[in-house]
Structures are given as structure tokens and as C-alpha cells.
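Reader: I'd like to go through this one with you and ask how each label was earned. Can you show me what we're working with?

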Amino acid sequence: MADELIRVTGDNVVFGESVKRIAESLKPLGPAGRHVAESYALDAEMRRIRLEETQAADAKEIKLKLLDQRRQESSASLRQMRKELGRADNSAQALRECMVNMQRATVEPGLPLAERRAYIELTQHFTTALVRHHSDLTGGVADVIDKVLNGSGATALAPARRRSGRRR
């Protein structure tokens, strides 16, 4: 209590030793000196409490802004993911159409053997590409959802550059 100006216990306000020393130095004012010292202590305590309230409100506001920013980043990431899924679905559909066309062409009568072989090999290649495409897509979706739900925010969700099919 030596450092406190006042202490509130229940419904009672107890003035600290500092206030008593201040009142002593104001003794030439008579009884008003004690009132001035106590009034100052009460005013100082109210300012301290208001400051704590302001700091708590500021901290709350900062947390709310951070949470709102995180929500916006997550929403933007999910919108981007939805957009990419739409594009991925379009490209997968195009791959399927190409495969159907090549399979039809493979069974046409009178087709030269080299061309038939090309259709078969391209169909195999497109099948592999389509399987890889779906695998990458589903793995990517799981990664994005994990990042949105478990942290690292939208900055970590920037679209990654796709690796080319080439191997070194």
C-alpha cells in the first residue's frame, strides 16, 4: 500500500501514506489541505481507471480489427479458390472431351496405324493428365481449407505456381 494513493476495500476508501504526507505538507491550508490531498488522490485514481478502460477498449478494438482482417482474407481466399475450381473444372471438361474425341477417332475404319497409335498414346497421356489434374485439385483444396481454418491467413494462400510436367 506504500505506493498506492488509495485502496478501495468493500465500500470503504482508504488513503495511503503518500496522501497523508501530501496532506501534512498542505497543513498551512488548515483542514482544506487534507481535503485537497484526498481530492487529488481520488482524481488521480479515477484518471488511472479511465486510462485502463481506454487501454482495454483500444486492445479490444485492435483485436476486433485483426479478426475482421483475418475474416476478409479468408473470404478472399475462398472466393479465389472457388474461381480456380471453376477454371479447373472447365479445363478438366476440355480434357474429357479431347479423350472422347480421340477414342472415337481410334476406332474409325481405315485409319492408318501410325495415326491410330497417336490417338491411343495421346488418350493415355490425357488420361494420366486428367488423373493428375484431379489429384492436384483435391490436394490443393485440402491445403487451402486447412490454411483458412488453421491459420497462416490469406497471404499464405496466394496461388502457387504450377509445376510443369517436366522432370530434371
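Author: One cut-off to start with: a residue is called buried under 20% relative accessible area, exposed over 50%, and partly exposed in between. Keep in mind that this is a predicted model.

Reader: Okay, what makes glutamate 52 partly exposed?

Author: Its relative accessible area is 42%. Partly exposed covers what is between 20% and 50%, so glutamate 52 counts as partly exposed.

Reader: And how do you know that glutamate 52 forms a salt bridge with arginine 48?

Author: The closest N and O atoms of glutamate 52 and arginine 48 are 2.3 Å apart. A salt bridge asks for a side-chain nitrogen of Lys or Arg within 4 Å of a carboxyl oxygen of Asp or Glu, so the pair qualifies. Arginine 48 is partly exposed too, with a relative accessible area of 38%.

Reader: Why are those two about one helical turn apart?

Author: Because glutamate 52 and arginine 48 are four residues apart in helix α2. An α-helix has 3.6 residues a turn, so residues three or four places apart point the same way.

Reader: What other salt bridge lies within helix α2?

Author: One of them joins arginine 71 and aspartate 68, with 2.6 Å from N to O. They are three residues apart in helix α2, about one turn of the helix. Arginine 71 has a relative accessible area of 48% and is partly exposed, and aspartate 68, at 31%, counts as partly exposed as well. Salt bridges with shared partners also link Glu45, Arg48 and Glu52 into one network.

Reader: How many salt bridges does the structure hold?

Author: Seven. Among them is the one between glutamate 24 and lysine 27, where the closest N and O atoms are 3.7 Å apart. The limit is 4 Å, so this pair is counted as a salt bridge.

Reader: Why is lysine 27 called exposed, and what is glutamate 24 called?

Author: Exposed means over 50%, and lysine 27 has 54% relative accessibility, so it counts as exposed. Glutamate 24 has 48%, so it counts as partly exposed.

Reader: Let's turn to the strands. What makes β1 and β2 a pair?

Author: Two strands pair if there are at least two bridges between them. Strand β1 (residues 6–9) and strand β2 (residues 12–15) have four bridges, in the antiparallel sense, so they are a pair. For instance, isoleucine 6 has phenylalanine 15 as its bridge partner in β2. The two strands form a hairpin with two residues between them, and glycine 10 in the turn has a positive phi of about 65°.

Reader: Which residues form the nonpolar patch on the surface?

Author: Val8, Val13, Leu42 and Met46, with about 320 Å² of accessible area together.

Reader: What makes leucine 42 eligible for a patch?

Author: A patch residue needs over 30% relative accessible area. Leucine 42, which is found in helix α2, has 34% relative accessibility and counts as partly exposed, so it passes that cut-off.

Reader: How do you know that helix α1 has a buried side?

Author: Start with Ser18, Val19 and Ala23, which are buried in helix α1 (residues 17–25). They cover an arc of only 135° around the axis, which puts them on the same side of α1. The face turned away from that side carries the exposed residues Lys20, Arg21 and Ser25.

Reader: What do the buried residues of α1 pack against?

Author: They pack against β2 and α2.

Reader: Why does serine 91 count as partly exposed, and where does serine 91 lie?

Author: Serine 91 lies in helix α2 (residues 31–106). It has 32% relative accessibility, so it counts as partly exposed. Serine 91 is 39 residues from leucine 130 in sequence, and the two are 9.2 Å apart in space, C-alpha to C-alpha.

Reader: And the protein as a whole?

Author: There are three helices and two strands, in the pattern β-β-α-α-α along the sequence. Of the 168 residues, 20% are buried. The accessible surface comes to about 13100 Å², with 56% of that belonging to carbon and sulfur atoms.

Terms used:
Residues are numbered from 1 along each chain as its sequence is written. This is a predicted model: local features need pLDDT of at least 70, side-chain atom pairs count only at pLDDT 80 or more; totals for chains, interfaces and linings use all residues. Side-chain values use heavy atoms; hydrogens and water are left out. Buried means under 20% relative accessible area, exposed over 50%, partly exposed in between (1.4 Å probe, protein chains only). Patches are made of residues with over 30% relative accessible area and no salt bridge: like charges are joined within 9 Å, nonpolar side chains (Val, Leu, Ile, Met, Phe, Trp, Tyr) within 5 Å. Accessible areas come from the Shrake-Rupley method with a 1.4 Å probe; for residues, only the protein chains shown count as cover. The arc is that of the directions from the helix axis to the C-beta atoms. Contact means heavy atoms within 4.5 Å.
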